[in-house]
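Student: I should like to examine how the descriptive terms applied to this model are justified. Could we take them one by one, setting each value against its definition?

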Amino acid sequence: MSSQASTIWWVRRDLRLSDNPALVAAAAQGAVLPVFILDAETQDLGAAAKWRLGLGLAEFSEILAARGSRLILRLGPALDVIRDLIAQTGAQSVHWGRLYNPQSNARDQAVKAALKAEGIAAVSHPGHLLHEPWQVETGSGGFYRVYTPFWNAVRGRDIAPCLPAPQTLSSPLVWPVSDRLADWNMGQAMNRGAAVVQGHVAVGAARAQARLQQFLAGAVGTYKTARDFPSQPATSRLSENLTYGEIGPREIWHAGFAAMQGGQAGAEHFLKELVWREFSYHLLHHTPQIATRNWRPEWDSFPWAGDGPKAEAWRQGRTGVPFVDAGMREMYVTGTMHNRARMIVGSYLTKHLLTDWRIGQQWFAECLIDWDPAANALGWQWVAGCGPDAAPYFRVFNPETQAEKFDANAAYRRRFIAEIAPRPGHDALAFFDAVPRAWRLYPTAPYPKPLIGLADGRAAALAAYAARDRTA
DNA sequence: TTTTGAGTTGTTCGA
DNA sequence: GTCGAACAACTCAAA
């Protein structure tokens, strides 16, 4: 096989060698030319995600180099870059792992059509999900809108075994020139936060595998209940790595399944959470508008508040409600937020402050290193009440009740809020190092008074929701 | 076509 | 403090 006609592996959110169908397909044809393209879709990432992607790319470059390969970095529209590489190398085919958000779909379809018209084999592969979103159907051929039936439909399915990493990665005869990652400045928008969040990331496939093994050797046992308590290290924290494909969902599924069969309590619940990710992509595929518009159109007339001082206080972790502020500060300091805190801050923004869920979604996109378009679309619409599983309108999280139930000793709140901690620790103080100077926040300033009374906020939300029901 | 049972994650009140 | 009921009505999936 001539190594001259190398095959392009378009690397996207699959920074791994193991269980990577696109890579395996490319490697089967001979020499592989891995390329990552910084195009508009990638440029549009939020500050934290873009920064974290840069860390992932740096790590992955080293992994490829250790295998005698390289990661070629190129800036520009994907099609232009791929055409240029084809012209330089004589590549005859391009392989990539599918993404499922509308922007990526549109881009990929255009790339595929153009390349095929030019006689190039352009092949997309699964790998980001356990199940292609169109391969899960209800009995009548539709798509699922409710989680439990979705889970029941996929829980018993056989998942193909993981693909081993290719034993060798053959190099093209000549490597095309690559941009320098440092020149891309992917951390530029992170401001002072990067130095703080850096202490909380786990970059790369090896660390992802370690996280999985550690979780399955320990916390999975109590996962079902302990996962609700944000001060406890009870979760796998794999969302960060899944986002960039440093681990594949299939690897997690098989490991979790084995743990379940080994009698590990909590393993099934863990698998269900993994399938929630699948469900969110299922919905994003079938109703792409879920990412931008009220999933239930009858909500379009709801008088959401726009951006303003209240939303800004929410973003800054200064609502005066400790559980809410702890969550917001956790996100700023660590780049992630505990699942329960996500629900609480979301409920507070959309219900107590009656603010448009998209304002929260946008801030999460800016701050989360595990930003996922599908999971966040579903999550935000769920918590706002305008999405699938229309929550009963009275499901308004009370942050104080939640704190009593899930943070009774205040460990979580004190960990992240310096103003209420007797002796503020590293993470609480780090928040003030991470935030933009323009916010003018200092740990010695008094903790803010509540923006709004919780009972008043709840009553206002219920009244607004009832009004919507009358007019809808 | 109709029917039936169920729906991630909550809160509050009163016994 | 604990527990069950009420909080509406609707949508969804499958029989």
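**Terms and the values behind them**

Tutor: Helix α21 packs through its buried residues against α8, α15 (322-334) and α20. The model is a predicted one, in which local features need pLDDT of at least 70 and side-chain atom pairs count only at pLDDT 80 or more, while totals for chains, interfaces and linings use all residues. Residues are numbered from 1 along each chain as its sequence is written, and chains are lettered from A and ligands numbered from 1 in the order in which they are written.

Student: Which residues of α21 are the buried ones?

Tutor: In α21 (residues 426-434), they are D427, A428, A430, F431, F432 and A434. The helix itself is a DSSP run (H or I, at least four residues; a strand is a run of E, at least two), and the numbering starts from the N terminus. A residue is called buried if 20 or more other C-beta atoms, placed from the backbone, lie within 10 Å of its own, exposed if 12 or fewer do, and partly exposed in between.

Student: How do you know whether W314 is buried or exposed?

Tutor: W314, in helix α14 (residues 309-315), has 24 other C-beta atoms within 10 Å. That count satisfies the first criterion, and therefore W314 is called buried. Leaving aside residues up to four places away in sequence, W314 touches T319, M328, L349 and L353; contact here requires C-beta atoms, placed from the backbone, within 7 Å. The C-alpha atoms of W314 and V345 are separated by 8.2 Å, although the two residues are 31 apart along the chain.

Student: What makes L212 buried?

Tutor: L212 has 21 other C-beta atoms within 10 Å, so the criterion for burial is met. L212 belongs to helix α9 (residues 205-217). With residues up to four places away excluded, the contacts of L212 are S236, L238, I247, I252 and A255.

Student: Is N185 buried or exposed, and what count decides it?

Tutor: N185 is exposed because it has 11 other C-beta atoms within 10 Å, which falls in the lowest class. N185 lies in the loop between α7 (181-184) and α8 (193-197) and has a positive phi of about 55° although it is not a glycine.

Student: Why does A410 fall in the class that it does?

Tutor: A410 has 16 C-beta neighbours inside 10 Å; this lies between the two limits, and A410 is therefore partly exposed. Its place is the loop between α19 (399-406) and α20 (411-416). A410, not a glycine, also has a positive phi, of about 65°.

Student: What makes β1 and β4 a pair of strands?

Tutor: Strands pair if DSSP finds at least two bridges between them. β1 (residues 7-11) and β4 share 4 bridges, so the condition is met, and the sense is parallel. One of the facing pairs is T7 opposite S93. In β4 (residues 93-97), 4 of the 5 residues are buried.

Student: In what order do the strands of the sheet lie?

Tutor: The open sheet of 5 strands runs β3-β2-β1-β4-β5, with parallel pairing. β3 (72-75) and β5 are called edge strands because each pairs on one side only. Neighbouring strands are turned by 25° against each other on average, direction ignored; axes are lines fitted to C-alpha atoms, for helices over the stretch in contact, and angles run from 0 to 180 degrees between N-to-C directions.

Student: Why is the crossover from β4 to β5 given its hand?

Tutor: β4 and β5 (residues 121-125) pair in parallel over 5 bridges. The chain passes from β4 through helix α5 (residues 102-117) to β5, and this β-α-β crossover is right-handed. The term means that, with the strands pointing away from the viewer, the path from the first strand over the helix to the second runs clockwise. α5 lies across β4 and β5, at about 150° to β5.

Student: Which residues are nearest to DNA strand B?

Tutor: Y147, T148, W276, N398 and T401 come nearest of the 16 residues around DNA strand B; near means a C-beta atom, placed from the backbone, within 6 Å. α6 (147-154), α16 (339-352) and α19 each supply at least two residues of this surface.

Key
Contact = placed C-beta atoms within 7 Å.
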